[in-house]
Amino acid sequence: MYRYNDIDQRMVDERVAQFRDQTERFLAGELSDEEFRPLRLMNGLYIQRHAPMLRVAIPYGHLRSGQLRALAAVARRWDRGYGHFTTRQNIQFNWPALETIPDILAELARVEMHAIQTSGNCVRNTTTDAFAGVAADELADPRPWCEIIRQWSTLHPEFAYLPRKFKIAVSGSLEDRAATRVHDIGLQMVRGNAGETGFRVLVGGGLGRTPVIGEVIREFLPARHLLTYLDAVLRVYNRYGRRDNKYKARIKILVKAMTVEGFAAKVDEEWRHLIDGPSTLRDEDIAHFAQFFEDPDYAARPGRTGDFALRLAEDRAFARWVERNTRGHKVAGYRSVVLSLKSTGSPPGDIRAEQMEAAADWADRFGFGELRVSHEQNLILPDVREADLYELWQLAREAGVATPNIGLLTDIICCPGGDFCSLANAKSIPVAEAIQRAFDDMDYLHDLGDIELNMSGCMNACGHHHIGNIGILGVDKNGEEWYQITLGGQQGEAARLGKVIGPSFARARVPEVIGRILQVYVDARAQGERFVETVERVGIAPFKESVYGAHH
Ligand code: HEM
Ligand code: SF4
């Protein structure tokens, strides 16, 4: 894990002091709303339906146990005892009082955290695979590169006022678990002919009003050129991106307008001025960043004992949890554990202070003091010995974070919707709860197998609904809340956008409609076929028919 040096720490501390002064001046009436607005947004502070909302960056989803405890302290002391993990690996606090924000930021700075660039038209938090560094299928560890990008992009003067926000995701594995194809830039680590590390570069992905799957603009970028090439892409965007229309300002619109080839050619032109320049990464720079992410001493705590196999055989509930909520590890005898933040009755992605504290304790006790946040809004303990899984499972169950539903229908990705967000067209949290209640039979859920259900409260698509196998979008019809359903979307290397099945539904009908869709799948699936594969094979017509009737 990266540790701040003196310069990092000073920068963050100075920002806290600066923002304290700005907040005090605003509260004293010396700054108007309009004057204060850009200042607060630079520090991740929105004004939402009920209260300010503070978005804190979790760089590439990595947390030390002490940082999670600090987040718990913030939730407990200055909020209502919980926080909300987002699809971009940030955490949001929904109820802090404005005058306390400087104190919150000071508390976060103490543990090397901040809210800088979590809002505004700048490069946002760089995201990655929640299993980075421990996944068995990894080509190379993306984390040092995420950290390099973080340092390059944080307070970069040239890219502080881009046409629109800018999101970068990096994946180090063949299976894309970082949703790189729906980011402004997606970086997929690949190996060159001589085994050297490089990146396949995708641009122009993004969800929101105009959802687009990103396209490749460079098949192989040698790693040392990462920053000069990113500089070139951002410069082209900064120069040609539209500033006259907010809805056409994202890089995806520019790439479409120029065509991918045209855009790539412009980037190459720009890159010619930068290649091999001062931002070229030297071997020693790369080694410097890599050292922060060296493996913990796995050998000191060997992972396997006979007990684990015995427990698996004896305890079905435990076996089920291991099957769904844990994942193979690159080191034999270890597994990564996904703590489910999707228990029925708790909004997806929400975590209470005591759950944060418990998870931090488990990270210390059963791991090496580290945790991850996934873009599916769950929390991960990356390094747990198989020998410790049974004990951890029991503790996680007591804390309410062991629902064995990872990757299943009830592991819903969901934005806060109309309960908190002032942009929402409809609520999403109660819909998620109604679905979780309607499908609470674990045997049925496990029989259905992998299904991603994603939901957003408006077309901004914070809940990634376009790439859910089942997507739900809240829409407004004459002041009433309705829900539109898409099918067949998926994330990953074969990312695609779902198709709308037809007219939207009243809220009360949503669980029943989902039930009909699932029944079509159950009836039509071939042996071992996943939901999304069946949708792909049979098309959306049978689903439509079942939901709207043949006459529709
Ligand atoms: C309540 C405060 C929030 C506000 C005001 C807000 C606002 C927005 C807006 C305006 C967009 C559309 C931007 C565009 O397409 O140019 C957007 C997109 C997005 N937001 Fe949020 N959001 C909020 C919370 C969240 C939460 C809670 C999540 C995750 C659960 C999230 C994750 C995202 C993601 C992933 C996108 C996708 C669009 C893209 O960039 O491709 N946001 N948000
Ligand atoms: S999708 Fe819409 S309702 Fe949901 S958080 Fe984003 S802006 Fe708010």
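The iron atom of ligand 1 has C462 as its only protein donor, through SG at 2.2 Å. This is a predicted model, and this briefing walks through the iron site, helix α6 and the cysteines.

**Iron site**
- The donor residue, C462, sits in a loop, with β17 (453–456) on one side and β18 (470–477) on the other.
- Its SG is placed 2.2 Å from the iron atom of ligand 1, and that fits the 2.8 Å cut-off for a donor.

**Helix α6**
- Helix α6 covers residues 226–240, which makes 15 residues.
- From first C-alpha to last, α6 reaches 21 Å, close to the 21 Å expected at 1.5 Å a residue.
- Because 12 of its 15 residues are buried, α6 is largely enclosed by the rest of the structure.
- The buried residues of α6 are L226, L227, T228, Y229, L230, D231, A232, V233, L234, V236, Y237 and N238.
- Helices that help cover these buried residues include α5 (143–153), α7 (251–258) and α8 (260–272).
- Strands are part of that cover too, among them β8 (185–191), β9 (197–203) and β10 (215–222).

**Cysteines**
- With a disulfide taken as two cysteine sulfur atoms within 2.5 Å, the count comes to zero.
- C414 is in no disulfide, and the nearest cysteine sulfur, that of C415, is 5.6 Å away.
- C414 has 2% relative accessibility, so this residue counts as buried.
- C421 has 21% relative accessibility and therefore counts as partly exposed; the cut-off for buried is under 20%.

Note on methods. Residues numbered from 1 in each chain as written. Chains lettered and ligands numbered in written order. Predicted model: local features only at pLDDT ≥ 70, side-chain atom pairs only at ≥ 80, totals over all residues. Heavy atoms only, no water. Helix = DSSP H or I, 4+ residues; strand = E, 2+ residues; numbered from the N terminus. Expected span 1.5 Å × (residues − 1). Buried < 20%, exposed > 50% of the residue type's maximum accessible area, 1.4 Å probe, protein only. Contact = heavy atoms within 4.5 Å. Donors = N, O, S within 2.8 Å, 3.2 Å for Na, K, Ca; no water.
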